Structures are given as structure tokens and as C-alpha cells.
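Please look over the sequence and the model shown here before reading on. The paragraphs after it go from the overall arrangement to individual side chains.

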Amino acid sequence: MTSRPSAGSQVYTTCLPSRRETAWEARRFVTSALAAWGLADDDGQALVVISELVSNAHLHTATPTIRVGVRRMGPRLVRVFVVDRSDVMPLVRPPDAGSVGGRGLTLVDALSQGRWGVEPLPVGKRVWAQVTVTAADGPT
């Protein structure tokens, strides 16, 4: 079930299949939620972060579906999150110079300025990060 963004809500979630293409769908969903609040992701930080969180859920869990969400935390602060049904907690690993992957959470940490975390749930977990966005008509 998808909650459609409207100006009055403070959180939107949608359930998506866990597949490679889901990162694109999640970016579109976050963009729509931000627009409903009169916000924009001019520097792309929220979209990169949600892409990384969705990709991690797809690559590192056997969850067939994931829940993607965005919560407004303040005038220009949002929390993007992914819920999956796996109990395996994500770990920040030092990147292997020869590897093409393994840098996702390091990137999330940098873009969120260390404002991210993991919340265990009765079934699975929620991985979240907070990022600053802009007003749709420009920085305020």
C-alpha cells in the first residue's frame, strides 16, 4: 500500500519489490514526497541516500519486498528510511581498494553528516538517514 504525498502529512511510505529497479522507484517516491511539502533535493543527497539504502536491502537480504519512507523532521530536514524483514544488521566496512562495492554506508554516513542509524523491529529492521533539503523555490 502506498501513501500518496499531500501537503498535510508528515510521513509517506510505500511497499516496493526488492529488485535492482527499486532504487529508481524509491527516488521518484522521495521526490514526490518532498514536492508535496514544497521541498526539493537540489544537491541530490536524499536521492543518493535512499538509493544506497534500497540497494543494500536488495543485495544483502532475502526480503522479497521492502518498505520505503520519508518523514519530515523539520522545516528542511527529512529522514529517509528502508524497512526490510532481515535481522542482519548493516555494517560499515572499510572499502577494499580493489572492490567496486562496499562503500554504500560510508557514503550514507558522509551525506547525512553521521545522522543515520538502524532500529531493530519485531520482524526485521529500519535503516534510516537524515538529510537537509531546500525549499522548492530555493535555499531558505
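What follows begins with the sheet, moves to the helices that lie against it, and ends with a few single residues.

The coordinates belong to a predicted model, and a natural place to enter it is an open sheet of five strands, whose order is E1-E3-E4-E6-E5 and whose pairing is antiparallel. Strands of a sheet pair through backbone hydrogen bonds. Strand E1, covering 11-17, and strand E5, covering 116-120, stand at the edges, and because each has a single partner strand, one side of each is left without a neighbour in the sheet. From one strand to the next, the twist averages 20°.

Within this sheet, strand E4 (residues 77-84) and strand E6 (residues 125-132) are joined in the antiparallel sense over eight bridges, and one residue pair to look for is Phe81 with its bridge partner in E6, Trp128. Two helices can then be placed against the strands. Helix H1, which spans residues 22-36, packs on the sheet and touches E1, strand E3 (65-72) and E4, while its direction makes about 165° with that of E1. Helix H2, made of residues 45-60, lies across E3, E4 and E6, and runs at about 10° to E4.

Returning to Phe81 and Trp128, what lies over the face of each ring? For Trp128, the charged end of Arg79 sits over the ring, 3.7 Å from its centre, whereas the face of Phe81 has Arg126 lying over it, at 5.7 Å from the ring centre. As for contacts between aromatic rings themselves, a search of the whole structure finds one aromatic pair.

Two further residues deserve a closer look, beginning with Gln113, which is found in the loop between helix H3 (104-111) and E5. Although Gln113 is not a glycine, its phi is positive, at about 55°. Is Gln113 buried or exposed? Its relative accessible area is 64%, and because the cut-off for an exposed residue is over 50%, Gln113 counts as exposed.

Thr134, by contrast in this respect, is buried, with a relative accessible area of 13%, a value that falls under the 20% limit used for that term. Thr134 lies in strand E7, which consists of residues 134-135. Which side chain does the side chain of Thr134 meet in a polar contact? The partner is the side chain of Asp42, and the contact is 2.8 Å.

Notes:
Residues are numbered from 1 along each chain as its sequence is written. This is a predicted model: local features need pLDDT of at least 70, side-chain atom pairs count only at pLDDT 80 or more; totals for chains, interfaces and linings use all residues. Side-chain values use heavy atoms; hydrogens and water are left out. Two strands pair if DSSP finds at least two bridges between them. Helices (H or I, at least four residues) and strands (E, at least two) are DSSP runs, numbered from the N terminus. Axes are lines fitted to C-alpha atoms, for helices over the stretch in contact, and angles run from 0 to 180 degrees between N-to-C directions. Contact means heavy atoms within 4.5 Å. Buried means under 20% relative accessible area, exposed over 50%, partly exposed in between (1.4 Å probe, protein chains only). Rings of Phe, Tyr and Trp (its six-membered ring) pair if their centres lie within 6.5 Å; planes under 30 degrees apart count as stacked, over 60 as edge-to-face and the rest as tilted. A charge sits over a ring if NZ of Lys or CZ of Arg is within 6 Å of the ring centre and within 35 degrees of the ring normal. A polar contact is a pair of N or O atoms within 3.5 Å; within protein, one must be able to donate a hydrogen and the other to accept it, and residues adjacent in sequence count only if both atoms are side-chain atoms.
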